[in-house]
Amino acid sequence: MNSRVSDAPENGDMRSDGTPIQDLVREWAARTPEQVAVALDDDALTYAELDRSAGRLAAALRARGIGPESRVCVALPRSPRLVAAMLGVLQAGAAYVPVDPDYPQDRQSFIARDAGAALVVADEYGAKAFADDGLETLTPEAADEADAPAEAVPVRPGNLAYVVYTSGSTGTPKGVMVPHADLSRFVLDDARLDIRPGDVVAQLAPTSFDASIFEIWSALGRGASVAVIPTNPLSVADLGRRLRETTPDWLFATSGLFRLLVERDSEALASVGRVITGGDVLSPEHVRASAALTRHTTFAAYGPTEATVFTSLHAVDADRDLDSVPIGSPLAGMTMRVLDERLRPVPAGTVGELYLSGSGIARGYLGRPGLTAERFVADPAALSPGTRMYRTGDLAAELPDGQFAFHGRSDRQVKIRGYRIEPGEIEAVLGGHPDISQAVVEVFDEGPQLKRLAAFVTLADGAELVTNDLRLWALDRLPAYLMPAAFVILAEMPLDPNRKTDRRALPYPWDRRDELGLDEPYVAPRNQLERTMAAIWSRTLDLDKVGVDDNFFQLGGDSLRSVSLIQRLADEGIPIEAEALFDYQTIAELAEYSLDPAAAQED
């Protein structure tokens with residue numbers, strides 16, 4: 001039968017008895033009160049301090065009637081205080097809903113309302129914005145005035161622990177509901193995720209991305225320390241420096257960032273104990289290089305949010321020559337099966353759709369019973385009634401050694417820079433513009449970890465719209481990871497013989513600068529520094545030319561390409577701090593800012 005049930009041994013040092021994560025953290029606070037629990041540079045909380053801070057927030061929430069099955073949004077910047085706030089929500093018995101404060105306010109408010117949030121925890125600035133939308137708010141400073149509760153609020157294994165929002169094909173994000181039992185199982189059960197007391201786990205992922213569950217709760221639930229790394233923005237040089245300073249025992253990096261680290265700063269990876277990477281197809285060359293460098297192990301990881309972070313892991317053998325990197329074998333308590341359209345197992349080596357079952361399957365989508373029924377289906381092989389499988393939409397095949405290989409998607413969903421993206425959501429948002437009659441979003445795959453989104457629109461009769469105005473309009477409604485890298489206004493959409501949009505006939509937007517529909521005229525470089533920068537920008541963005549007044553991000557630049565750009569500038573003797581590119585987004589501005597102002601004098 002084409003299925004695989006994990007036979008990984010359980011970690012004898014830990015237990016999987018349904019103890020909720022907040023109780024595990026409180027136990028570590030009693031056992032190792034002075035150990036650092038979470039730190040960002042000099043801003044640190046010991047386990048005792050973390051427990052007290054969370055307890056005060058929990059008391060404030062309980063005073064407002066919040067308890068089990070309540071949802072509380074947490075919209076705070078990256079810091080130890082953010083971790084304490086999420087823990088405080090859990091200690092109150094409620095479920096936390098992470099909201100990235102960098103999202104457009106409309107999207108933040110949508111998530112809070114869609115989640116049915118009883119309250120939003122935010123800083124003073126964020127609290128005002130949510131309050132203006134009619135939502136109840138609480139700042140951590142106000143919570144500090146509360147007394148810590150004498151006892152933790154008891155929760156059941158089936159009670160909600162968190163709700164994470166992912167991109168939705170219908171045009172709106174959807175909340176994945178994960179109960180305490182799933183979270184505890186993930187943190188404690190699999191021997192490969194053998195985080196030890198005193199280990200250091202790097203924390204890179206936004207809390208709105210479920211890799212943060214591993215980074216934060218797998219660390220704190222096992223008595224380790226969380227090393228928060230600022231990421232907005234972050235260059236390879238910055239990340240490498242921080243990895244060498246903290247020498248973390250564990251690091252998760254999305255496949256694109258992982259690739260850049262291997263290529264640009266392999267010494268930084270050599271300072272890491274175990275590296276986990278995933279979120280997109282991995283290069284065998286890069287994972288083997290990492291496996292040869294790191295102190296212990298490099299893992300390739302796979303897992304949708306609906307199955308609680310990681311479903312499977314593959315330990316990379318540096319000496320084994322593979323054409324592709326498997327997505328691994330399932331974690332303890334999980335089952336992976338490849339089935340046909342009638343839910344029958346297919347022979348080993350045959351490609352089919354991947355279905356997941358076991359103790360990590362989420363409760364479903366919040367407020368979306370129809371979608372939940374579509375994606376979480378009855379397991380025909382289950383021995384007990386009511387057992388469900390999650391239909392991933394991923395195509396896979398089982399290998400002879402019991403590992404699984406990824407073979408793409410059965411729908412239009414894509415992963416870009418580790419984020420799951422439904423182009424239909426972006427199309428729905430752009431289609432809401434009053435001057436647009438049709439919007440189509442297409443993904444262009446330009447090599448490993450180099451996917452880009454392009455939006456193609458046609459205008460309503462008599463409408464006049466320039467691409468920059470459309471881009472600004474979209475920025476107010478879409479988070480950065482969903483923003484198309486190019487906006488193209490077409491007179492009409494190309495059609496196939498059935499009069500449907502012919503996506504294969506959509507033009508590639510980035511070959512020539514003049515075809516991008518930019519609002520700024522081309523201005524040639526005026527001195528050697530600008531010429532050098534323009535050549536680097538052209539190479540990074542795969543464009544024929546770049547003008548000095550062209551905006552890097554409007555040309556198709558994104559976070560990964562910005563990292564590559566900063567590194568290439570440094571290689572040419574033009575050191576630029578990572579954040580400078582976000583403040584000075586044109587060559588003219590960046591050249592003036594650069595550390596060699598004499599070179600910016602006109603010829």
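This report describes the nonpolar cores, one helix pair and two assigned domains of a predicted model.

## Basis of the model

Because the structure is predicted, local features need pLDDT of at least 70 and side-chain atom pairs count only at pLDDT 80 or more, whereas totals for chains, interfaces and linings use all residues. Residues are numbered from 1 along each chain as its sequence is written, and side-chain values use heavy atoms, with hydrogens and water left out.

## Nonpolar cores

The largest nonpolar core (buried Ala, Val, Leu, Ile, Met, Phe, Trp, Tyr and Cys residues joined through side-chain atoms within 4.5 Å, where buried means under 20% relative accessible area with a 1.4 Å probe, protein chains only) has 86 residues. Those with the most contacts inside this core are Leu 50, Phe 214, Trp 217, Leu 220, Ile 276 and Phe 310. Beyond its neighbours within four places in sequence, Leu 50 is in contact (heavy atoms within 4.5 Å) with residues including Val 25, Leu 45, Leu 87 and Leu 220. A second, separate core of 42 residues includes Tyr 419, Ala 439, Ala 474 and Leu 478.

## Helices α7 and α8

Helix α7 (residues 180-188) packs against helix α8 (residues 211-220) at an angle of about 75°, and the two are therefore roughly perpendicular to each other, a term that covers angles of 65 to 115 degrees. Leu 183, Phe 186 and Val 187 in α7 meet Ile 213, Phe 214, Trp 217 and Ser 218 in α8.

## Domains

The domain assignment, which is automatic or from a database, gives domain 1 (422-505) and domain 2 (528-595). Their contact takes 8 residues from domain 1 and 9 residues from domain 2, while the C-alpha centres of the two domains lie 25 Å apart.

Technical notes: Buried means under 20% relative accessible area, exposed over 50%, partly exposed in between (1.4 Å probe, protein chains only). Axes are lines fitted to C-alpha atoms, for helices over the stretch in contact, and angles run from 0 to 180 degrees between N-to-C directions. Helices (H or I, at least four residues) and strands (E, at least two) are DSSP runs, numbered from the N terminus. Angles under 35 degrees count as roughly parallel, over 145 as roughly antiparallel, 65 to 115 as roughly perpendicular and the rest as oblique.
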